[in-house]
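I opened this model to look up its packing. My notes follow in the order I took them.

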Amino acid sequence: MTRQPAPSRAASRAIQTPAAEAVIQMQKVVKTFKNAAGEFTVLKGIDLTLMRGEFVAIVGKSGSGKSTLLNMITGIDHPTGGKVVINGLNIYEMNESQRSLWRGKNLGIVFQFFQLLPMLTLLENVMLPMDYVGMYEFDERPKRAMELLAMVGLETQAHKLPSAVSTGQQQSAAIARSLATDPPIICADEPTGNLDSRSADAIIGLFDHLVASGKTIAMVTHDPSLTERTSRTIVISDGELIDETVAHCLPLLGHRQMLEATHMVEHITYRASTPILQQGEHVDYFFMVTSGAVEVVLCNRRKEFTVARLGPGQFFGEVELMRGGQSIASVRAASEGPAELAALPREGFNRLVENSSITGEALGKIVQLRLAENRTADRRQSKRGKK
Amino acid sequence: MIRPRWRKVFHDLIGNFSRTALVVVSIAVGVFSIGVIIGAYVIISDDMSASYAANNPMNIELRTDPFDEDLLSTIEHMRGVEDAEGRRVFTMRVRTGEDGQWVTLNIVAVDDFSELNINRLNVISGTNQPADDQILLEKKALADLQVAEGDTLEVELLDGTIKSMTVAGIVQDPATGAGDFLAQPFAYVTTGSLSFLGQPETFNRMFVTLTEGKNDEVVLRNMGGTVRDKIEKSGVTVYIMRATKTNEHPMASTVQAVLGILLALGVLILFLSSSLIANTLSALLSQHLRHIGVMKLVGARRSQILQMYFALILAFGVIALLIAVPLGGQGAYALADFIAEKINFNLMGYRIVPFAFIVQIIVGLAVPLLAGLVPVLNGSRTTVLRALTGDTGQDEKKPVAGPAPSESAFERFETRTAHALGRRGIHIPRPLLISLRNTFRRKGRLALTLFTLTMAGAIFVAVFNVQVSLHDYIDQIGNYFIADVTLDFDRYYRLNEIENMAMQVPGVVDVEGWAYATAEVLYPDGSVADTLTVLAPPADSHLVSPLLIEGRWLQPGDEQAITIGEGILSKFPDLHAGDTLRLSINNREDDWLVVGIFKFVNQQGTIAYSTYEYISRQAHAANRSFSYRIVTEQHDPAYQQQMGATLDAYFRDRGFRVSQARTGQSTLEVASESLDILVTFLLIMALLTALVGSIGLTGTMGMNVLERTREIGVMRSIGAVDKEIMRTVMVEGMVIGGISWLLGALLSFPFTYLLSYIISTAIFESSISVHFTLSGFIIWLLVVLLLSAVASVLPARNAARLTIREVLAYE
C-alpha cells in the first residue's frame, strides 16, 4: 500500500479542479474584532475557492462567522489578514469608494431584509445600480429594469413602492436589483430568512435559474433544506471551515465535532488500482472518499471479486473500528484514476462516536448492513465455488 | 452612589457630543439673542436718559436773531426759569493743514466755560476751559478730523481769511444737537474768540432750564411759548423754539422703537430655536425608543421615564445658560455701547441686568421643556413591544411577513408624477429622485426646518427691501432739495445781484433765492401744538418736487397759504387740504389755508412751504434773501462738490459774506448713513436667524443621515461611490434650502410691509411707500444655498465615511 504525504485541504481542492475556473479565492483570511473586552477572532485563516457556476450554501450556527465570511467576499468588511481575490482582482487593494463601484459592476447582493430603498419604486430600485455604475444607455435602463422585474414576475408591480408589495415580492425585486448590472456573482445573505415557505421556494427557484444561466451564487443560510438544492455546502464553525468530506460523510455530528474531525483527518491520495486495505489487516482509520472512487474486494480461495464501489462522500473502515478485529475486505483505488481519501484516526473516530450517540447509532446500523451484505456475498461466492 | 437611571441620563448628556452640542447651541442662540436685546434695551433705557440728564440739558432751546446779556438776564429772572444761558452758534470750515479736507463745524461760542451750567461738556482729553485762541472739539468731529489735543486747526473766516487755533481738548456734549441725527459736529470757543473769528460778540441761541415741570410736556410747551413771547417782545426774532424733557433723551423713543423691533426679532429667533430643539429632541427620543422599551421591560413607570428625559432637557438648558448668559451680558453691553456711541451718550458702566438674567434663565429652561414636551410625552407613551421591535411607525421599520401596507397619498403622488414624466420621456436620474423623495420623508421635521429657514429668509429679504424703501424715501426727500448747491450768506443780499453773479459762474444753470420763517401751530385754545419751519421758494420754483398726499402745491398768487408735511397729522389727525391752521409768525396770529399735505421725514419738527413772494414781504425782505439754491449743469456728487467750492470761493473773493456752501447730496448722505446703521442691525438679526436656520438644517440633515445609514450602506453595496453618497445628502439639503427660499420669498412681502411700517413710524413718524429689490431675493438664494450646502457637508461626509458593515451591521 502506497501512502503519500497528506496534502493540505486547499491543495487537494486545487487538484480536483483547474485554477482557471476559480472566481473567488480566499487565502488565509483572518478577521479579528476588537472591543473593550479584548480581541475576538471571527475568521481564523479561511482558505476557500469558489468555482464559476457553483451554487454554494454557506451554513453555520449563529455567530459562527458565516455572514462575516460573506462580507469578506462582497468587500463589505475588511479582513484583518489574508487576501480575497475575485476574478483575479485583490479587492482590498481598492479604497471603499472604488470597491463600491467595482461591487456595483461585478457583484449582486441580496439581503435578508431586502434593503430596497423605501422612497423608490421597485422599477427605480432596479435602475439605481445602473445609474450608479453608469451601465447601459440612460434611456435603455427602464427597459432592462422592467425585463428583470418581468423575470421575477413583478412587471405589474413595477411602479409601486416597496411598502406597497408583499415581503416575497420585495425579495424578488431585490434579486432583480442584484442582477441590474449583470454581475457574474450573486451573494445572498439569508435571502429566505424572512419569507414564508412558498416565497422562499420561489426565490430558490430563481437562483437555480440564474445558476443555470452561468452565474455563481454564494448564499448564507441556516435552513438545512436549502443545502439540498445547492451544488456545494460550506460549513463554518467557530470561524473555521469544516472539511466538506467530513460534513458530508458524518452529517449527524454537531458542528463543533465536525470541526474536531476536520482538525484530525489526514488527506491521502492513492494512485489508480493502489491497495488501501488488505483483507485481514488491522484497521486504524475511518476512511472517507473525497474524490475518485475505491473498490471493496473480497478474496475467497485466492479469487478476488468486487463487492462494492464507493465514490465521494462514502466511507469505509467503520465496521472494523466499531466491531473490532481485522479488515473484512480489501479496498483499493479504482482503476480509472487516483482516489483522495480523508482518513480519521481510530482514537478520534471512537471519541466522536461516543460523544454523538445518533452518529454511533447510524453507523451501527450501517455496520450491521455491511456485515449482512458481506455474509450474503460470501455465501454467494461459496456456492459459485462449489459449482 | 449615583442611581443607574441618572447615570444613564448623564451618559446621554455627555455620550453623544455632537447631539448635545446641537441642542445646547440651539437653546443658547435663542437665550443669547433675548439676553442681548433685553439687556441692551434696559441699559439703554436707563442710561440714555440718565446720561442725558447728568449734563443738565436745556428744557427750551431758542434760535434767534442776535441778543445780548440784558435779554438773557430778563429771561433768567422770569418765573419758572431756573437758568438761561446764551451762546453764539455759527458754522465754519476747518481743516488740519493745507492738505487737509475742509470740514464744516457748528461752532458754539460760550461766554464763560467755568460757569457753563446748561448742556455741560464732559472732558474726554485735555480741558474744557479753552483760552481765547483755543478750540474744543466734540468727539464726533474726530470722525472727520484726525486731530488730538495740542494740534493746530486752520479756521476759515467768512471773509476768506485763514486763522489758526489750538485744540485745547476733546469733549463730549450729550445734549446740544441730541435730537438731530443729521447735525454737523460741534466745536466750542470762548466769546472772547468771536472777534478773532470775525463774528459779532452777540448771542443767537438761548438755552433755558426750568425750575419745575422739567419733564412735563404741557409745562414745557407753555413755558417755551412764554419765553418766546418775551424774547420777541423785546424785538428779537425767534426762528426755532424746541422744548425737551430733562429726563428723556430726545432720541429715546426712536431708539426704543428700534430696540422694540430687535426684540421682536429676538423673540422670533427664540421661537425658531425652540422648533430646532423640538426637532432634535424628537430625533433623540426616536433613537432612544429601544432604551425606553428596555427600561419599561424592567419595571420603569411612565412618570420615571418622563422624569429622566425632562432632567436631560433641563441639563441641556443649564449648559446652554452657562454659555449664553455671560455671552448675552457681554453682547448686551456691546450693543448698548455701540448705540451710545452713535447717539452720543455715556453708559454707566458694565453691569448685569437682573431682568435680562431672569428672562434668560426662564427662557433657557422653559423653552426646551415646552419644545420637548410632545416628543417626550410620545416617547414615554410607547409600548414595550413597539419599542423593542423598533416599530416607530416611521420608515425605519424592518419588513415583516404579512399583508403589504399601502402607500400614502403623497407617496402615490410622487411615484405617479415620476411615472408620468417617464412616459413623456423625462426620466429623473434615480440618485436625484432619492434626494427629492428623502426631502419629504420626515414631514414633521421638514416642516420645522422649513419654518426656521423660511422665517430667516423672509426677514433677510424684507430687511433688504426695507433698506431700499428707506433709501428710496431719502431719495424722495431729495425732491425737496433738488438744488445742487445751497449757498448761505451771513446777511441778506438782493436777489438779482446774487442771481446775476452766480449765472456768470460756468456750470450754473439756475438760481433761486428762498425765504424762511418759523411758526407755531396753535390749537384752538391758543396753546402751541407744534413748531413749524416754513420754507418759502418762489411760487414757480422748479426746485421742489413734492410727494403730495392730498391737495395741491403752491401757485403764484397764493397768499397766507401753506402746504404742510404729513407730520402735522399726529397733532391734527383730521386735517385735510382746504382746512385752515392757526399759525403764529412773528407774534402775529392768523389762519392759514392748507392747500396741500405732502410726505416728508419728520426728523426735525414739521416743515411747511409757502411762497417766497408772500413770506419775504411779511419779513420786510422782499427781493432779498440770505439763502440761495443753485442748479448746476451736472448733478453727480463730485460735480456738486466742485461747484460748491467754486461758488464759495467766487463769492468770498468778491467780498460777499458766505456762511456756507452745502451740496445737495451731503444732507442725504448723512441721513442714509444713519439709516444704514439701523439696517445693519436688522441684517445682523437676520443673519442670526439664518444661523439658527442653518444649525437647524445641519441638525436635520445629521439626523436624516443617522436614520438612513442603512440605506446609505445599501447604496454603497450596489455601487454608489463617495461622491454619489455626498451628492445625495447635499442635494437633499439644497432642495430644502431651495423650498425655504421660495416660501421665504413669498413671506418676505408681508414682512417687508410690516417692518417698513414699524421702522418708518418709529423714525419718521409716518409710513413710507414700500419698494422691493431683487438683490435681497438673489443674495438670500445664494446665502441659503450656501448655508444648505455647508449644513449638509458634514452629515454628507459622515455618510460617505460610513463603511457598509457599520451601516448594515446585521450580525
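I started at B:Ile459 and listed its contacts, leaving out residues up to four places away in sequence. B:Ile459 touches B:Leu265, B:Ala686, B:Thr689 and B:Phe751. The model is a predicted one, and I read every entry here with that in mind.

Next I looked up the largest nonpolar core, which has 259 residues. B:Ile459 is among the members that touch the most other members. The others in that group are A:Ile58, A:Val126, A:Leu149, A:Val246 and B:Ala40. I then asked which helix gives the most to this core. Helix α2 of chain B, residues 17-54, does, with 19 residues. I also found a second, separate core of 44 residues. Its members include B:Tyr480, B:Leu647, B:Phe651 and B:Ala661.

I went on to a helix pair in chain B: α5 (residues 252-287) and α12 (residues 443-477). Their axes come within 9 Å and cross at roughly 160°. That angle is over 145 degrees, so I noted α5(B) as roughly antiparallel to α12(B). The crossing of these two helices is left-handed. On the α5(B) side I listed B:Leu265, B:Leu268, B:Leu272, B:Ser275, B:Leu276, B:Ala278 and B:Asn279. They meet B:Arg445, B:Leu448, B:Thr449, B:Phe451, B:Thr452, B:Met455 and B:Ile459 in α12(B). By class, this contact has nine nonpolar, four polar and one charged residues. B:Leu265 also appears in my contact list for B:Ile459.

The second pair I checked was α18(B) with α19(B), the latter spanning residues 774-801. Their axes lie 8 Å apart, at an angle of about 150°. The two helices are therefore roughly antiparallel to each other. α18(B) passes α19(B) in a right-handed crossing. I sorted this contact by class and got 21 nonpolar, six polar and two charged residues.

Last, I turned to the two chains. How many residues of chain B are in contact with chain A? I found 37, in contact with 44 residues of chain A. On the chain B side, the elements giving two or more residues are α10 (409-423), α11 (430-439), α17 (709-717), α18 (722-763) and α20 (804-808). α11(B) gives the most, with six residues. By class, I noted 15 nonpolar, nine polar and 13 charged residues on this side. α18(B) thus enters my notes twice: it packs with α19(B), and it gives residues to the side that touches chain A.

Key. Residues are numbered from 1 along each chain as its sequence is written. Chains are lettered from A and ligands numbered from 1 in the order in which they are written. This is a predicted model: local features need pLDDT of at least 70, side-chain atom pairs count only at pLDDT 80 or more; totals for chains, interfaces and linings use all residues. A nonpolar core is a set of buried Ala, Val, Leu, Ile, Met, Phe, Trp, Tyr and Cys residues joined through C-beta atoms within 7 Å. A residue is buried if 20 or more other C-beta atoms lie within 10 Å of its own, exposed if 12 or fewer, and partly exposed in between; C-beta atoms are placed from the backbone. Helices (H or I, at least four residues) and strands (E, at least two) are DSSP runs, numbered from the N terminus. Two residues are in contact if their C-beta atoms, placed from the backbone, lie within 7 Å. Axes are lines fitted to C-alpha atoms, for helices over the stretch in contact, and angles run from 0 to 180 degrees between N-to-C directions. Angles under 35 degrees count as roughly parallel, over 145 as roughly antiparallel, 65 to 115 as roughly perpendicular and the rest as oblique. A crossing is left-handed if the near helix is turned anticlockwise from the far one by less than a right angle, and right-handed if clockwise. Ala, Val, Leu, Ile, Met, Phe, Trp, Tyr, Cys and Pro count as nonpolar, Asp, Glu, Lys and Arg as charged, and the others, Gly among them, as polar.
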